[in-house]
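Please open the model in your viewer and keep the sequence panel beside it, as this tour moves from one selection to the next and says what is there at each stop.

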Amino acid sequence: MTKLLQALAYQVGAEVSYNELSQLCGLDAKTVASYISILEQAYIIFRLGTFSRNLRNELKNSRKIHFYDNGIRNALIGNFSQVENRTDVGALFENYAIAERMKRKKYLMDYARSWFWRNTNKQEIDYIEEKDGKIHAYELKWNPKRKASAPLSFRNAYPDADFTVINRDNIEDLLLY
């Protein structure tokens, strides 16, 4: 279980494969799936599946696994360095933003559905919510100076979707509304 948690901690914010995790941990893929389910029920991690409306170029069966608490994630890999000294600050910010949004949704009993989006050309959107038939897409960037826009293929497929870039200066836009 510890090896699995460490493997997940190193891959936070990235797509995960149960087969790859099973090889890293020396476990059967079904055991990995079972352990992940237990960790999710214990509110240590949560899965984010892919958003797809059955377009050919969208990934359909991928998943990302996030931690509800970055402190647990950092303890598993033994890294408590200051933000300015970290190489994983982008992944930490993405995990934090999505985890806090998920906690807020649970607290408010908000039943918006949540995903990430990626296509076969490796274009990606970090977080998507659908509520009342409206799609809201969020790109998460630690650095406020990093520019981002919705991939053209996403805009063409979902022209009515909202798209917002969230960074450390406007994180409240995701967490409070």
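Begin by selecting Tyr 68, a residue that counts as buried because its relative accessible area is 11%, under the 20% that marks the limit for that word. Keep in mind throughout that this is a predicted model.

With Tyr 68 still selected, add Phe 46, which is likewise buried, with a relative accessible area of 2%. The ring centres of Phe 46 and Tyr 68 lie 4.8 Å apart and the ring planes meet at 50°, so the pair is described as tilted. If you colour the chain by secondary structure, you will find Phe 46 in strand S1 (residues 45–49), while Tyr 68 sits in the loop between strand S2 (63–67) and helix H4 (70–77), so that the pair links distant parts of the chain, 22 residues apart.

This pair belongs to a longer list, for a search of the whole structure finds eight aromatic pairs. To see rings joined into a group, select Phe 51, Trp 115, Trp 117, Phe 154 and Tyr 158 together, since ring pairs link these residues into a cluster.

Next, move to helix H4 and select Arg 73, which has its place there. Is Arg 73 buried or exposed? With a relative accessibility of 3%, Arg 73 counts as buried. Display its surroundings and, leaving aside residues up to four places away in sequence, you will see that Arg 73 touches Ala 9, Tyr 10, Val 12, Phe 67, Arg 86, Asp 88 and Leu 92. For a sense of scale, draw a line from the C-alpha atom of Arg 73 to that of Arg 104, which lies 31 residues away along the chain; the two atoms are separated by 20 Å.

Now turn to the helices, and select H1 (residues 2–10) together with H3 (residues 29–41), which pack at an angle of about 75° with their axes 11 Å apart. That angle makes H1 roughly perpendicular to H3. Which residues bring H1 and H3 together? On the side of H1 they are Leu 4, Leu 5 and Leu 8, and these meet Val 32, Tyr 35, Ile 36 and Leu 39 of H3. Sorted by class, this contact has seven nonpolar residues, with no polar and no charged ones.

The next stops concern charged side chains, and a search of the whole structure finds twelve salt bridges. Select Glu 15 and Arg 118, which form one of these salt bridges, with their closest N and O atoms 2.2 Å apart. Glu 15 lies in the loop between H1 and helix H2 (18–25), whereas Arg 118 lies in strand S3 (residues 113–118), so that the pair links parts of the chain 103 residues apart. Glu 15 is partly exposed, with a relative accessible area of 24%, while Arg 118, at 18% relative accessibility, counts as buried.

Then select helix H5 (residues 89–107), where Lys 103 and Glu 100 both lie, three residues or about one turn of the helix apart. The side chains of Lys 103 and Glu 100 meet in a salt bridge, at 2.8 Å from N to O. Lys 103 counts as partly exposed at 32% relative accessibility, and Glu 100 is also partly exposed, at 26%.

From there, go to Lys 131 and Asp 110, whose salt bridge has its closest N and O atoms 3.3 Å apart. Because Lys 131 lies in strand S4 (residues 124–131) and Asp 110 in the loop between H5 and S3, the pair ties together parts that are 21 residues apart in sequence. Here Lys 131 is partly exposed, with a relative accessible area of 37%, and Asp 110 counts as buried at 13%. Selecting Lys 64, Glu 94 and Glu 124 then shows one network, joined by salt bridges that share partners.

Finish with the backbone, and select Tyr 43 in the loop between H3 and S1. Its phi is near 60°, a positive value in a residue other than glycine. Asp 132, found in the loop between S4 and strand S5 (134–140), also is not a glycine and has a positive phi of about 55°. Asp 132 is exposed, with a relative accessible area of 78%.

How values were computed: Residues numbered from 1 in each chain as written. Predicted model: local features only at pLDDT ≥ 70, side-chain atom pairs only at ≥ 80, totals over all residues. Heavy atoms only, no water. Axes fitted to C-alpha atoms, helices over the stretch in contact; angles between N-to-C directions. Helix = DSSP H or I, 4+ residues; strand = E, 2+ residues; numbered from the N terminus. Parallel < 35°, antiparallel > 145°, perpendicular 65-115°, else oblique. Contact = heavy atoms within 4.5 Å. Nonpolar A, V, L, I, M, F, W, Y, C, P; charged D, E, K, R; others polar. Salt bridge = Lys/Arg side-chain N within 4 Å of Asp/Glu carboxyl O. Buried < 20%, exposed > 50% of the residue type's maximum accessible area, 1.4 Å probe, protein only. Phe/Tyr/Trp six-rings, centres within 6.5 Å; stacked < 30°, edge-to-face > 60°.
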